[in-house]
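Work through the exercises below with the model open beside you. Each task is followed by a solution in steps.

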Amino acid sequence: MQPMPTADLRRNSGRRYSGPLLTMASGFTPIGLEDYVALHLKANPGENRGTLVKNLRSAIAADRQGVRCACDAPLWIAGSAQAGHGCFACITSGSTPDGNYKIVVATDRM
Ligand SMILES: [Zn+2]
C-alpha cells in the first residue's frame, strides 16, 4: 500500500487561484516617467514633486551607469527612488509585483 500524499491533495482540493490577474509575465506595469510621477503624487499628495523627480532621475542615472542591487539584480527604478538603490525583490522583501510600477526608461524628456 502506498502512502497517500495527503498534504498535496488538501492543497489542491477545491481551491482556486484568487490573486490578481497580471497582464505581463513579469508582473510589472510599464509606465513612463511623467505618468508615474502623476500617479504617485495623486496617491501621495503630501510628497514634493521636485524631490520625487530628482530621486527618480537619480535612480535612472544610477541604473544607466550600471549600478545594481546588492544581490546583483538590476535596479527597480520606482522603488529605488523611494527606498534607495535596490531591486524589486529586495526592496519589497520578495512580495509579488502586482500593483507596483516599473518605470520604463525609453525616453528621458523631463
Ligand atoms: Zn536585490
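**Exercise 1: a residue with an unusual phi**

Asp 72 has its place in the loop between α3 and α4. Helices are DSSP runs of H or I with at least four residues, strands are runs of E with at least two, and both are numbered from the N terminus. The model is predicted: local features need pLDDT of at least 70 and side-chain atom pairs count only at pLDDT 80 or more, while totals for chains, interfaces and linings use all residues. Residues are numbered from 1 along each chain as its sequence is written.

Task: find the phi of Asp 72, and state whether Asp 72 is buried or exposed.

Solution.
- Step 1. Most residues other than glycine have a negative phi.
- Step 2. Asp 72 is not a glycine, yet its phi is positive, about 80°.
- Step 3. A residue is buried if 20 or more other C-beta atoms lie within 10 Å of its own, exposed if 12 or fewer, and partly exposed in between, with C-beta atoms placed from the backbone.
- Step 4. Asp 72 has 7 C-beta neighbours inside 10 Å, so Asp 72 counts as exposed.
- Step 5. Gly 66, just after α3, also takes a positive phi, of about 90°.

**Exercise 2: the length of α3**

Task: compare the expected span of helix α3 with the distance between its end C-alpha atoms.

Solution.
- Step 1. The expected span is 1.5 Å times one less than the number of residues.
- Step 2. Helix α3 covers residues 49–64, which is 16 residues, so it should span 22 Å.
- Step 3. The end C-alpha atoms of α3 are 22 Å apart, in agreement.

**Exercise 3: the packing of α2 on α3**

Task: describe how helix α2 (residues 33–43) packs with α3.

Solution.
- Step 1. The angle is about 140° and the axes are 11 Å apart; axes are lines fitted to C-alpha atoms, for helices over the stretch in contact, and angles run from 0 to 180 degrees between N-to-C directions.
- Step 2. Angles under 35 degrees count as roughly parallel, over 145 as roughly antiparallel, 65 to 115 as roughly perpendicular and the rest as oblique. The two helices α2 and α3 are therefore oblique to each other.
- Step 3. Leu 33, Val 37, His 40 and Leu 41 of α2 meet Arg 49, Leu 52, Val 53 and Leu 56 of α3; residues are in contact if their C-beta atoms, placed from the backbone, lie within 7 Å.
- Step 4. The residues of this contact are six nonpolar, one polar and one charged. Here Ala, Val, Leu, Ile, Met, Phe, Trp, Tyr, Cys and Pro count as nonpolar, Asp, Glu, Lys and Arg as charged, and the others, Gly among them, as polar.
- Step 5. Leu 33 is buried, because 21 other C-beta atoms lie within 10 Å. Its C-alpha atom is separated by 9.1 Å from that of Ala 78, 45 residues apart along the chain.

**Exercise 4: Cys 69 and Cys 90**

Task: place Cys 69 and Cys 90, and list their contacts beyond four places in sequence.

Solution.
- Step 1. Cys 69 lies in the loop between α3 and α4 (77–83), and Cys 90 in helix α5 (residues 88–91).
- Step 2. Cys 69 is partly exposed, with 19 other C-beta atoms within 10 Å; Cys 90 is partly exposed, with 18.
- Step 3. Cys 69 is in contact with Leu 75, His 85, Gly 86, Cys 87 and Cys 90.
- Step 4. Cys 90 is in contact with Cys 69, Ala 70 and Cys 71.

Definitions and conventions:
Contact = placed C-beta atoms within 7 Å.
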